[in-house]
Each structure stands twice: as structure tokens, then as C-alpha cells.
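Visitor: Could you walk me through this model and show me how its labels are earned?
Guide: Gladly; let us take a look together.

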Amino acid sequence: MDDLNRSAFYAGVLVIMAVALALNTAFRRMETKDALGGDDDTLVKRSRAFGNLVEHAPLMIILLILMEYGGSEFLVHIFGIGFILSRIAHAYGLIAEEGMGPDNMPRMIGALGSWSIMILASLVCIF
């Protein structure tokens, strides 16, 4: 319990994912020569995939650290793996699939999975 190696691993993986999504966005910006992406749907989707990850990941990393510090090392792995898989599904659905509603299953599963895992991790921290 003196170290935070488990949560540090998941934080590292999430940052690598964030950099990969940021590069994916940057490459599209260079292709389109569009700084903001207002008219390019692909750029907007890539930008939102990155933005959505960086909106959720810091909160999850904090929860993982608190769970590990509190002695729930096994749950750190369960929630860390589940969150990463959910974020991969969400980014894939947002970037590679058509549709934004419930017909986009990877995006929906990724979003609901992420939120569910965050709520469960929050409850572990509270109780």
C-alpha cells in the first residue's frame, strides 16, 4: 500500500491514449489546414474523441489512486481495465462508426461503461 504502481500504470496507459488521440486530431488538422474543424466532420469527431477522454480520465485516475491508497488493489485492476476498454470503444465508435445516437453501439457501450465504472469506483471510495 506504500506505492501506487497499479494506478500509475493505468494513468500511464490513459496518457498514451490521450497523446495518440491528440496526434490523430493534429494530423487531420494538417490535412485540412483547419485550426478549429468547424466544417470537417472527421476533424470534429477526432477532436471530440480526444476531448472526451481528457474530460473523464483525470477523474478516473484520481479514483484509482484513492482506491489503491485505501487498499483496494484488485479493484484498481478491474476498474482500470474496464475504463480503458470503455474509452477505446467510445473513441472507436466516435471516430470510425457512423451515427451519434444509440445505433452507434461502440460509442454507447463506451460511454455507459465509462460512466458506470466511474460511479462504482466513486462508491468504493465513499464506502
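**Salt bridges and a helix pair**

Guide: This is a predicted model, and a good place to start is Arg-28, which forms a salt bridge with Asp-40, their closest N and O atoms lying 2.8 Å apart.

Visitor: What makes the pair Arg-28 and Asp-40 one that ties together parts apart in sequence?
Guide: Arg-28 sits in helix H1 and Asp-40 in the loop between H1 and H2, so the pair joins parts that are twelve residues apart in sequence. Both Arg-28 and Asp-40 are buried.

Visitor: Why is the contact between Arg-6 and Glu-68 called a salt bridge?
Guide: The side chains of Arg-6 and Glu-68 meet at 2.9 Å, N to O. The cut-off is 4 Å between a side-chain nitrogen of Lys or Arg and a carboxyl oxygen of Asp or Glu, so the label applies. Arg-6 lies in helix H1 (residues 5–32) and Glu-68 in helix H2, so this pair ties together parts that are 62 residues apart in sequence.

Visitor: Is Glu-68 buried or exposed, and how do you know?
Guide: Glu-68 has 0% relative accessibility. Buried means under 20%, so Glu-68 counts as buried.

Visitor: And what is Arg-6 called on that scale, and why?
Guide: Arg-6 has 28% relative accessibility. That value falls between the 20% and 50% cut-offs, so Arg-6 counts as partly exposed. Asp-3, with a relative accessible area of 35%, is partly exposed too.

Visitor: How do you know that Asp-3 forms a salt bridge with Arg-6?
Guide: Their closest N and O atoms are 3.9 Å apart, and the limit is 4 Å, so the pair qualifies. Asp-3, Arg-6 and Glu-68 are thus linked in a network of salt bridges. By this rule the count comes to five salt bridges.

Visitor: What angle do the axes of H2 and H4 make where they cross?
Guide: The axes of helix H2 (residues 41–69) and helix H4 (residues 105–126) come within 10 Å and cross at roughly 35°. The crossing is left-handed. Among the residues making the contact are His-56, Leu-59 and Met-60 of H2, and Trp-115, Ile-117 and Ser-122 of H4.

Visitor: What classes of residue make up the contact of H2 with H4?
Guide: The contact has eleven nonpolar, two polar and no charged residues. His-56 and Ser-122 belong to the contact, and both count as polar, because neither His nor Ser is listed as nonpolar or charged.

Technical notes
Residues are numbered from 1 along each chain as its sequence is written. This is a predicted model: local features need pLDDT of at least 70, side-chain atom pairs count only at pLDDT 80 or more; totals for chains, interfaces and linings use all residues. Side-chain values use heavy atoms; hydrogens and water are left out. Axes are lines fitted to C-alpha atoms, for helices over the stretch in contact, and angles run from 0 to 180 degrees between N-to-C directions. Helices (H or I, at least four residues) and strands (E, at least two) are DSSP runs, numbered from the N terminus. A crossing is left-handed if the near helix is turned anticlockwise from the far one by less than a right angle, and right-handed if clockwise. Contact means heavy atoms within 4.5 Å. Buried means under 20% relative accessible area, exposed over 50%, partly exposed in between (1.4 Å probe, protein chains only).
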